[in-house]
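The following questions and answers are meant for a reader who is new to the structure shown here. They deal with charged side chains and with the backbone.

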Amino acid sequence: MEGQSVEELLAKAEQDEAEKLQRITVHKELELEFDLGNLLASDRNPPTGLRCAGPTPEAELRALARDNTQLLINQLWQLPTERVEETIVARLPEPTTRLPREKPLPRPRPLTRWQQFARLKGIRPKKKTNLVWDEVSSQWRRRWGYQRARDDTKEWLIEVPGNADPLEDQFAKRIQAKKERVAKNELNRLRNLARAHKMQLPSAAGLHPTGHQSKEELGRAMQVAKVSTASVGRFQERLPKEKAPRGSGKKRKFQPLFGDFAAEKKNQLELLRVMNSKKPQLDVTRATNKQMREEDQEEAAKRRKMSQKGKRKGGRQGPGGKRKGGPPSQGGKRKGSLGGKMNSGPRGLGDKRKGGQRPGGKRRK
Amino acid sequence: MDTLDRVVKPKTKRAKRFLEKREPKLNENIKNAMLIKGGNANATVTQVLKDVNVFVLKAINFVLQYALKKPYGVLYKKKNITRPFEDQTSLEFFSKKSDCSLFMFGSHNKKRPNNLVIGRMYDHHVLDMIELGIENFISLKDIKNSKCPEGTKPMLIFAGDDFDVTEDYRRLKSLLIDFFRGPTVSNIRLAGLEYVLHFTALNGKIYFRSYKLLLKKSGCRTPRIELEEMGPSLDLVLRRTHLASDDLYKLSMKMPKALKPKKKKNISHDTFGTTYGRIHMQKQDLSKLQTRKMKGLKKRPAERITEDQEKKSKRVKKN
C-alpha cells in the first residue's frame, strides 16, 4: 500500500513537472541552430504550416515567431548568470557566426633602421621618468616637448665661446642647429616610411631606384635594359671601352636532328656502356671544380662568421640577413637567372648541393 | 600604426585619435550604416529608412549607471541621384568619408517600385549588394503599441529552409545579421531582452517582423514568451544581387591568428560527456607523505630515544 502511494506520489510529481515544462517546451522536427553570442537562432524547418495560410499569414507568422523565440529564450536562460549590482546578468559566449571584416587585417610594419640596429646589438629602451627637475625655473618640467626642462634655444644669456667669431649671432646659431636636427629627423622618418612602403610592394627584380647597388647588380641591370628593346638589343651601341657582356650566349646547345650518324652511334653506345657498368664513372674535371667551389664557400662563410662575432656583443641572435641556414632552395634553383645576388644573405652555405650561380662549370682565375 | 605611416603626421592628439579610430585593427569597431535616399524616393521608402535609423540603429552603451546613446546609423537627408548597381564610386566615397561599412539605399521608379538596396563594404569597396523590393510596409507609427526603449540589442531569428539552400539567400542572411546585430557584448541583462526580429523565407518572399517580448510566468525559472507586434514589418522580394566573388569574400572573412580560439590544454572529453583533466605532479617523497594519523601507531617517547641512539651509533661506526 505504502509502496503504491510512493509510486503514485512520484508519478504525480513527474506529471506536475511535465505540466510546468509544457508551457515552455516547443516541439520542432529539426533542432534550431543557436548562436548565443549574437542572440541568433536559425530554424531550418520548412514552413509547411505557413504555406497553406494564404495571402496574410500574420497569425501563423506570429505563432512561428513565438515558438522560435521561446526556444531561444530557453537557451539563453541556461547560460551562467552572475549578479551585477542588483540585476541578474547572463554571460554570453563568443559569437560563432563568421561575418566578413570591414577593413583588411593590419599589416606588420617592417622595423626601422634604428630598431634593426637595436635588435642586433641587444639595446633595450631604458625606462625614464616623465618629469625632470629644472634648476633654472626650479620646478618639475617635461623631459622633452613643450616647455621642457633644458631648452637651450630659450636661454636669455649665452656666453660667446673663446674661439668663436665675436660678430656671430649665437642665438641664431642655436636656432639653426635645432632646425637642422628637426629636418634630419624628418628625413630619417620619411626614409623609414619609404622603406616600409617599398617592402609592401613586390620588388621590381632587385632594381633599386637609389644607390646601395653593387657593380655586378648595376651591370646586370644595364644588360637587362639593353636587351629590353623591340629588336632585343641588336642595334644598341656600346661605349668605346665597354666590354662585351659575359655569359650571353646560347644557354643550351642541341645536336642537329640528323647529320653525323657515326658520332650519334658512338654517343649512344657510350651511354649504354656507362649505364650497364657496375662501377660509377668519375668525371675528374667536374669533381675537382665542385671541390674547389665548396672550399671557397666554406672559407667565405668562416670569414663572415669571424667578422660577425666581432660585432656582436652578448650572443644575442641577430635577425635578418645573417642567418646561417639560409633558404637552401634559393641557392639551388637559381641557375638560369643572371646571377642571383638579390640582397639575399649567405647563400654560400646553402649552395653546397648544386653549387653555382655562376654559369659554366670551369673555374676562372 | 597607420598614424605613424603617414607622410603628414597629425599635429594634434585629437586628430591622431580620429585616425586611430578609423585604421584597420585586430578587433574591429562596430560597423556603422549609412542610409541614403535615391533620386526618386517616395514616402514608403523614406519611412523605412527613418524607422530603421530611429529604432534599430541606436545603441545604448551597456554600462548600468548611465545610458549613452551612440548612433550606428547615419541618415543622409538629401537625395543622391546614383544607381548603386551601375556605379559604386559615390557609395565608396561616402563610405570613406563617414567610415561606414554598411549601407541601405532606397529608391522608387516605375520599373522597380519601392526598392531597397542593402549592402556592405570591405576596405571601402562594395563587397555584397542585394536589392529587395518592399511589398507591404507597416511603419512604427502605424502600430499603436507601447514601444520598448531604443537601443537594446535585438534577438534575431531566421526561419525557413530557403536561407540555407541558395547562395543568394545565404549571403542575404549574413548581410542581415551584420546589419541588425548591433554591438557585441559579453554580458546581457536577462530582463533587458526586449525585442526580436523575425525573418521568414516563404514562397520567394521574406517576411520581416519585429515583436516586443512579454515574459510571462511559467512553472519554472524560464519564463513563457508572449509576443506583441511592434515596430516595422516588411514583406520583401529578392530582386537583383551583386555578390562578391568567392576569393574576395574569403579574403574578407580571414581571421587573424591572434583572434582564433585558443585550445585549452590538459582537458579532454569522452563520448559520454565526462570531462577529464590532467594534472602533472612533481615527484613526491613518499616517506614524507601526509597520511591519516593513527594514534595507536604513534611512537612513544621511550621508543624514539632508543631509535636516536641506534642512529647515532650507526653513524659513529661508519665514520
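Q: Which helix gives the largest share of the positive patch?
A: The model is a predicted one. In it, a positive surface patch is formed by A:Arg142, B:Lys9, B:Lys13, B:Arg14, B:Lys16 and B:Arg17. The largest share, 4 residues, comes from helix H1 (residues 13-22) of chain B.

Q: Is B:Arg14 buried or exposed?
A: B:Arg14 lies in helix H1 of chain B and belongs to the positive surface patch. Its relative accessibility is 66%. Because the cut-off for this class is over 50%, B:Arg14 counts as exposed.

Q: What is the relative accessible area of A:Asp16?
A: A negative surface patch is formed by A:Glu14, A:Asp16, A:Glu17 and A:Glu19. Of these residues, A:Asp16 has its place in helix H1 (residues 2-22) of chain A. A:Asp16 is partly exposed, and its relative accessible area is 40%.

Q: How many salt bridges does a search of the whole structure find?
A: Side chains of opposite charge can pair when their charged atoms come close. Over all chains, the number of salt bridges found is 28.

Q: Which residue of chain A does B:Arg209 pair with across the chains?
A: B:Arg209 takes part in a salt bridge with an N to O distance of 2.8 Å. The pair crosses between chains, from strand E11 (residues 205-216) of chain B to helix H3 (residues 58-77) of chain A. B:Arg209 is buried at 3% relative accessibility, whereas its partner is partly exposed at 30%. That partner is A:Glu58.

Q: Why are A:Arg189 and A:Glu186 separated by about one helical turn?
A: The two residues form a salt bridge, with their closest N and O atoms 2.9 Å apart. A:Arg189 is buried, with a relative accessible area of 16%, while A:Glu186 is partly exposed at 34%. Both lie in helix H5 (residues 170-200) of chain A, and the separation is about one turn because they are 3 residues apart.

Q: How many residues apart in sequence are the parts tied together by B:Asp178 and B:Lys31?
A: The side chains of B:Asp178 and B:Lys31 meet in a salt bridge of 2.8 Å, N to O. B:Asp178 lies in helix H5 (residues 167-180) of chain B, and B:Lys31 in the loop between H1 and strand E1 (33-37), so the parts tied together are apart in sequence by 147 residues.

Q: Which residues are linked with B:Lys31 and B:Asp178 in a network of salt bridges?
A: B:Asp178 and B:Lys31 are both buried. Each belongs to a network of salt bridges in chain B. The other residues linked in the network are B:Arg120, B:Asp128, B:Glu167, B:Arg170 and B:Arg171.

Q: What is the phi of A:Leu39?
A: Most residues other than glycine have a negative phi. A:Leu39, in the loop between strand E1 (33-35) and strand E2 (40-43) of chain A, is buried at 0% relative accessibility. Although A:Leu39 is not a glycine, its phi is positive, at about 55°.

Q: Where does B:Asp99 lie?
A: B:Asp99 is not a glycine, yet it has a positive phi of about 55°. With a relative accessible area of 9%, B:Asp99 is buried. Its place is the loop between helix H3 (89-98) and strand E5 (102-107) of chain B.

Methods:
Residues numbered from 1 in each chain as written. Chains lettered and ligands numbered in written order. Predicted model: local features only at pLDDT ≥ 70, side-chain atom pairs only at ≥ 80, totals over all residues. Heavy atoms only, no water. Helix = DSSP H or I, 4+ residues; strand = E, 2+ residues; numbered from the N terminus. Buried < 20%, exposed > 50% of the residue type's maximum accessible area, 1.4 Å probe, protein only. Patch = residues over 30% accessible without salt bridge, like charges linked within 9 Å, V, L, I, M, F, W, Y side chains within 5 Å. Areas by Shrake-Rupley, 256 points an atom, 1.4 Å probe, with all protein chains shown as cover. Salt bridge = Lys/Arg side-chain N within 4 Å of Asp/Glu carboxyl O. Lys, Arg positive; Asp, Glu negative; His and termini not counted. Charge placed at Lys NZ, Arg CZ, Asp CG, Glu CD.
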